[in-house]
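Colleague: I am new to this structure and should like to be taken through it step by step. Could we begin with the aromatic rings, once the model is in view?

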Amino acid sequence: MANDYYGDLGVSSNADQAEIKRAYRKLARELHPDVNPDAETQEHFKRIAAAYEVLSDPQKRAMYDRGVDPRAPGGGQAPGFGFGDLMDAFFGQSASRGPRPRRGRGKDALIQVEVSLEEVVFGTERELTIDSATVCESCGGAGTAPDTQVVPCTACGGRGEVQSVQRSFLGQVMTTHACPQCRGFGSVIPHPCSACAGAGRVRARRTIGVRIPPGVESGTRIHLADQGEAGPGGGPRGDLYVEIVEKPHPVFTRQADDLHCLVSVPMTVAALGAQVPLTTLDGTEELQIPAGTQSGYERSIRGRGVPHLRRSGRGDLVVHLEVVTPTRLDVEQRGLLENLAKIRGEDEPVAVPVERQAGIFGRLKDAFSGR
């Protein structure tokens with residue numbers, strides 16, 4: 001087989017589950033994409049995750065030890081098509097695998113968490129309440145009542161499978177099936193645990209903490225190893241993935257790692273220029289408005305956007321200015337504006353068409369439409 005799962009985790013082929021788990025967790029901390037984002041390290045992380053998926057599952061590990069990669073295309077079947085495959089095609093029988101283990105790895109779980117823009121920019125810690133399968137405390141995952149244990153199945157003699165003979169055009173053919181009495185386990189639980197009815201796990205609510213780093217965005221998934229569903233028979237937990245959902249902000253619009261906002265200024269401020277205070281996520285900044293500013297003017301405040309997730313630094317805050325023309329003038333104000341118009345020679349204006357350009361207004365519209 002091309003994949004060396006034991007070598008990827010750095011363990012021997014006779015390593016127990018505890019040793020495999022320790023090796024995976026050590027490598028996962030070192031190689032996690034949040035710690036080492038380069039492409040080569042991410043590829044290495046994928047290999048150890050695949051290795052742990054196979055070696056932590058007794059059934060998949062047994063297949064791998066027999067020379068069959070359970071992650072290979074086609075469901076992990078070995079290459080070639082022999083007489084056993086021909087029998088499967090005609091009679092639906094499966095090759096003899098022996099009793100299947102009661103203990104197995106739990107399923108992975110996914111939970112979505114809504115975060116505000118402030119939490120995205122500065123990072124946060126959350127406590128998550130999860131309703132999932134956990135190991136039954138009454139039986140410790142064994143599924144048996146106190147002072148009892150599983151016993152070999154009398155129908156299959158502990159093999160987990162039974163055989164039957166069928167007639168076909170090829171003659172008498174012996175087929176192998178999972179034992180209906182023990183469901184392929186090779187053993188039965190005569191006195192199941194009253195708390196979990198023999199399943200070895202129960203549904204329970206628990207609380208775990210998760211750190212949300214600065215710079216995440218909607219769709220980002222945070223991987224929490226061994227925090228998913230408890231496995232059957234007291235098996236290891238699966239993993240938990242926390243998917244980020246970023247809530248819209250009433251003032252700021254995010255575009256990649258830049259933030260955009262629209263600021264209205266009076267006509268007089270735009271004409272004369274001024275330095276005005278602007279409230280940002282980091283506090284108050286002084287915004288310089290040059291004299292003669294027009295609607296659609298942009299000004300960037302560097303380093304006041306969203307932090308870059310996998311490298312240092314932050315994006316910018318891009319301020320789009322909108323000049324507000326007064327709509328209600330008293331007599332004195334109107335007189336002052338009329339005098340100004342006469343002084344500037346604008347008391348008899350003429351509408352002059354100008355060539356259409358993809359200028360500042362188009363860029364402003366694109367910024368707020370998410371293009």
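Modeller: Rings of Phe, Tyr and Trp (for Trp, the six-membered ring) form a pair if their centres lie within 6.5 Å; planes under 30 degrees apart are called stacked, over 60 edge-to-face, and the rest tilted. This is a predicted model, in which local features need pLDDT of at least 70 and side-chain atom pairs count only at pLDDT 80 or more, while totals for chains, interfaces and linings use all residues. Residues are numbered from 1 along each chain as its sequence is written, and side-chain values use heavy atoms, with hydrogens and water left out.

Colleague: Which residues do ring pairs link into a cluster?

Modeller: Three aromatic pairs are found in a search of the whole structure. In one of them, the ring centres of Y5 and Y64 are 4.8 Å apart and the planes stand at 40°, so this pair is tilted. Y6 and Y64 also form a tilted pair, with 5.9 Å from centre to centre and 50° between the planes. The cluster linked by ring pairs therefore consists of Y5, Y6 and Y64.

Colleague: How far apart in sequence are the parts that the pair of Y5 and Y64 links?

Modeller: Both Y5 and Y64 are buried (under 20% relative accessible area with a 1.4 Å probe, protein chains only; exposed is over 50%, and partly exposed lies in between). Helices (H or I, at least four residues) and strands (E, at least two) are DSSP runs, numbered from the N terminus. The rings of the two residues form a tilted pair. Y5 belongs to helix α1 and Y64 to helix α4, and the distance between them in the chain is 59 residues.

Colleague: Within what arc do the buried residues of α4 fall?

Modeller: Helix α4 spans residues 58–65, and its buried residues are R61, M63 and Y64. The arc is taken from the directions that lead from the helix axis to the C-beta atoms. Seen down that axis, the buried residues line one face of the helix, because they fall within an arc of 160°.

Colleague: Against which helices do the buried residues of α4 pack?

Modeller: Packing is judged by contact, meaning heavy atoms within 4.5 Å. By that criterion, the partners of the buried residues of α4 are α1 (5–9), α2 (17–31) and α3 (39–55).

Colleague: Which residues have the most contacts inside the largest nonpolar core?

Modeller: A nonpolar core is a set of buried Ala, Val, Leu, Ile, Met, Phe, Trp, Tyr and Cys residues joined through side-chain atoms within 4.5 Å. The largest has 32 residues, and its largest share, four residues, comes from strand β11 (residues 258–266). Apart from it lies another core of 19 residues, including Y5 and Y52. Inside the largest core, the most contacts belong to V242, L317 and V319.

Colleague: With which side chain does the side chain of E285 make a polar contact?

Modeller: E285 is located in strand β13 (residues 283–289). A polar contact is a pair of N or O atoms within 3.5 Å; within protein, one must be able to donate a hydrogen and the other to accept it, and residues adjacent in sequence count only if both atoms are side-chain atoms. Beyond its neighbours within four places in sequence, E285 is in contact with several residues, among them L278 and I301. Its side-chain polar contact, at 2.7 Å, is with R304.

Colleague: Is N3 buried, exposed or partly exposed?

Modeller: N3 lies in the segment before α1. Leaving aside neighbours within four places in sequence, its contacts are Y64 and D69. N3 and D69 stand 66 residues apart in sequence, yet 7.9 Å apart in space from C-alpha to C-alpha. With a relative accessible area of 35%, N3 is partly exposed.

Colleague: What is the relative accessibility of A197?

Modeller: Most residues other than glycine have a negative phi. A197, although not a glycine, has a positive phi of about 55°. It is placed in the loop between β6 (187–188) and β7 (201–212). A197 counts as exposed, because its relative accessibility is 66%.

Colleague: What percentage of the residues in the protein chain are buried?

Modeller: The secondary structure of the chain comes to nine helices and 15 strands. Among contacts between residues at least 6 apart in sequence, 65% join residues at least 24 apart. Of the 371 residues in the protein chain, the buried ones make up 35%.
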